[in-house]
Amino acid sequence: MNLLIMNIPLNITGTIHDWINSIMPQTAANITEWVLIAVAYLALFAVAGLYLVLLERKVAAWFQLRLGPNRVGPWGLFQTMADALKLVSKELTSNDRIDKFLYNLAPYFVIVTSLTAMAVFPYSEQFQGFDINIGVFFLFAISSIGVIGILVAGWSSNNKFALIGAMRSGLQTISYELSVGLSILTMVLLSGSLQLSEIVEVQRTGGWLIWQGHIPAIIAFMIFMIAGTAETNRAPFDLVEAESELGAGFHTEYSGMKFAYFFLAEFINMFIIASIAVVLFFGAWLSPFGITEGITWFPEVLWFLIKVLLIIFLMMWFRWTFPRLRVDQLLTLEWKYLLPLNLVNLLLMAIVIWLNWTI
Amino acid sequence: MTNQEVKNKIKTEEYFINMGPQHPAAHGVLRLLLTIDGEIIKNVEPDLGYIHRSIEKMCERDSYQQIVHLTDRMDYLSSNINNEAVCLTVEKALELEVSDRVKVIRTIISELTRLASHQLWWGVMGMDLGALTTYFYAFRDREMINDIFEETCGARLTMNYNIPGGLMFDIHPNFVQRTKDFITHFKTKLPEYDRLLTGNVIFEKRTKGVGILTKEDAISFGVSGPVARGSGFASDVRKHHPYSAYDRVDFKEILFTEGDTYSRYQVRMAEMWESMSIIEQLIDNIPEGAIQETTKAVIKLPKGEFYQRVETARGELGVYINSDGNKNPYRVKFRSPGFSNLSVLNHISKGVKIADLVATMASFDFVIPDIDR
Amino acid sequence: MLNQKIMKNEDLQNIINGFGTDLEFSTEASEFLNVVVPKEQLHSVCSQLKSNPDLKFNYAFCITGMDWGKELGVIYHLESTELKHQLVVKVMTDDRENPTLDSVHDIWQTADFHELEVYDFFGIKFNNHPKLRRLFLTPDWDGFPLRKDYVDEANMIVK
């Protein structure tokens, strides 16, 4: 215990691992470590979710020439805590004609997929929960499961508006997954590996992938941002929850904690998309030009967070500026413009690599 | 299998959806019964009466000065213009000529009201289409106009500044300067707002070619105001049947011919520039004169029928007073612009998607109390 | 702002007189030329008002229901957008139990909604209207509020 408080060790995960192993037998130590990691991720999920909501409100207020929440805590820092407490204490109302099992199951789909996806990111050289050799593929597969949660929620609510919202969301997500996947694939071509820590390693030695891949990588980034925003059902692709048209979309019938799940999951999805962008294009926890190279975990985590927050700011900027697209325009954008562009870009990246024109 | 056979086998059913009367972005308590097939609308039937207050029946038992106070609850965003309509009708019946000062001040206040109403329309149109920030920018400018009104007329929304015979009191000493400051401020802001929505690709795709209204349909359905002018029907009452001081100012009547939502949007944006130009022409030379002409305390109109048309922010408002010589009118009819504009909604919404209906309704700028009276 | 080319009331009267029989014209107590049309001829007179190339009354800018004490009726304010003249057409019926008039919605489509309003408040039924229903009041409302003999202790405050 003294060791942890006195000086911040350079190798935190190693220290904790040794310590736990020294006080318990092997299996118990493993289980304790798993529980510890799970708790850490749940804490990260909760804190990130809450503070992203506050960030969104502050950024929105800044764009709209007003102040945003500033009463509860300094700069409104405890605002979402208060909101979360309110949501937890709310009555869970619902119809009596819903499909009870599916209605209760739906929020868990989105929560579980978001949490699982968060576990694979390299927040620092040591802080990576799950470093598998098919990292990117795993991420992609997991985020596709989230759609089921939305469809199930809309169907089981026994509400016409919710059903329309869920159907729209379903077709939107399925279409844009293609673009997300192809832009990720373009960068995997460049890095040569699906494992996330390998991708970061490639960027440490050769420079950030967006710099290495120049033109095709920049195009891939732009397509990824557009498709990623559409994946998370945010404006300008938020006709799923278009208040002007349908009430509240697929989560009309949810209240209290279950609504909080959907709500938080949307922000965590935004975090995930931003993290994927940061890992694949901007070198995860690497510092620009290697200025804090070697000093372990603290600046690395900081760099990761800064980059993610910048991309999240960009996504928030989109939301508060643009009007929303109509559903057929959305699909036209994907199938007639983004998908062909993506395929051509993939080819372009392959040619660039083959001819050794990367930087 | 042919297309038709496939459609017969996989039958989709039409179903009813209610939009409103309580709706996050309906423009008041309007209930639309939509019959839709998937996303395509087959029929739109408006159901009115949620805010019907029988103003016309109440006018039959009130005196002529009291009628004015009922009118600004009709189209509350152009309340000054509604008041002016009734006052002009009564003055026409009594053959009372108000002074030039009254006419000029009435015109300036009407144009300020029109600016405020169009600003609110712009904010709400952006909000309906998803650009949520426009609402805040629009209200910031509307607040400045409301402050000017509060100082001069005493109220921010239901002004009642016009009375039969003139104005209730003289303008505040600060009125001229504040209006000029506002115009200077707004001239820098309006190009900014234009850039935010007008050139935006997403906005254009949502509004161009959506909700097309032809000129013949506009005339036949009695559509007026910016909606009609977006379809090429020159219906501006200020130009064709001038009243107050409109015959001495120089302004253009904005006409576009495409008749879609985008042209209706452009008409209103251009009208804001024209309103500012009218105010600028009048604000520096308000003539001196009496604020009120003396009328009897109990006004009795001679026997007969009197009609006055004015141009509110939504279109042509007509006031028809049938008097039988008593101190209360025998029949008052308000020809509201929104009522006729709403009647064309079903005609132009067949076969479009729900999102298009929302965009079209935003461009029509309904105020439901105006329709329901 | 009189345009010299706008037709005078006498010329209008001469042309319209040929459209039907027993038409009463007057210009007193009103700024427009008034025509009272017998209710059987309403539809034919109105369609000629619109189609006649010298008249071309294509814009019905106000359609009002009216209760004259004994008769019920409708007042149409018409204007021509091209030729700029204006006209008022009145039609009335004595029958207060079951008043019916012809619908003119096929001539001026704005009449569709306005006739619904007249039916709602005065009880006048219109023949050939596509879907006559109460528009403002609830479907089970009793009575026709804007008639002069309407009594409603609960909702009306009579001074």
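Let's start where chain A meets chain B: 21 residues of chain A and 22 residues of chain B take part in that contact. On the chain B side, four helices each bring at least two residues: helix 5 (100–129), helix 6 (134–153), helix 8 (201–207) and helix 15 (354–364). Which of the elements of chain B gives the most to this side? That would be helix 8 of chain B, with four residues. If you color the chain B side by residue type, you get 12 nonpolar, four polar and six charged residues.

Before I go on, a quick word on what you are looking at. This is a predicted model. The predictor gives the complex an ipTM of 0.89 and a pTM of 0.85. For chain C, the average pLDDT is 83, and 96% of the residues score at least 70.

Now let's turn to the other side of the story, chains B and C. Two pairs of chains are in contact, and of these, B and C share the most contacts. Here 26 residues of chain B are in contact with 25 residues of chain C. The elements of chain B that give two or more residues to this side are a mix of helices and strands: helix 2 (55–59), helix 9 (215–220), strand 6 (304–311), strand 7 (316–323), strand 8 (331–335) and helix 13 (337–343). The side of chain B that touches chain C divides into seven nonpolar, nine polar and 10 charged residues. And what about chains A and C? They do not touch, and their nearest C-alpha atoms are 24 Å apart.

So let's look at chain B itself. Follow the chain along and you will find 16 helices and eight strands. Its radius of gyration is 22 Å, close to the 21 Å that the globule rule gives for 373 residues, so chain B is as compact as a globular protein of that length. The C-alpha trace of chain B spans about 80 × 50 × 35 Å along its principal axes. How much of chain B is buried? Buried residues make up 51% of its 373 residues. And if you take the contacts in chain B with a separation of 6 or more, 70% of them are between residues 24 or more positions apart.

Over to chain A, which is divided into domain 1 (9–89) and domain 2 (99–354). The C-alpha centres of these two domains of chain A lie 20 Å apart. Their contact takes 19 residues from domain 1 and 20 residues from domain 2. On the domain 1 side, helix 2 (12–23), helix 3 (26–63) and helix 4 (79–88) of chain A each supply at least two residues. Helix 3 of chain A gives the most to that side, with 12 residues. By type, the domain 1 side has 15 nonpolar residues, three polar and one charged.

Last stop: the largest nonpolar core, with 222 residues. Which residues touch the most other members of this core? The answer is A:A277 and A:V278. Helix 12 (residues 256–281) of chain A gives the most to the core, with 18 residues. If you'd like to zoom in on A:A277, leave aside residues up to four places away in sequence, and you will see that A:A277 touches A:F224, A:M225, A:G228, A:F282 and A:I311.

Thanks for listening, everyone!

Notes:
Residues are numbered from 1 along each chain as its sequence is written. Chains are lettered from A and ligands numbered from 1 in the order in which they are written. This is a predicted model: local features need pLDDT of at least 70, side-chain atom pairs count only at pLDDT 80 or more; totals for chains, interfaces and linings use all residues. A nonpolar core is a set of buried Ala, Val, Leu, Ile, Met, Phe, Trp, Tyr and Cys residues joined through C-beta atoms within 7 Å. A residue is buried if 20 or more other C-beta atoms lie within 10 Å of its own, exposed if 12 or fewer, and partly exposed in between; C-beta atoms are placed from the backbone. Two residues are in contact if their C-beta atoms, placed from the backbone, lie within 7 Å. Ala, Val, Leu, Ile, Met, Phe, Trp, Tyr, Cys and Pro count as nonpolar, Asp, Glu, Lys and Arg as charged, and the others, Gly among them, as polar. The radius of gyration is taken over C-alpha atoms; the globule rule is 2.2 Å times the number of residues to the power 0.38. Domain bounds come from an automatic or database domain assignment. pLDDT is the predictor's confidence in each residue, from 0 to 100.
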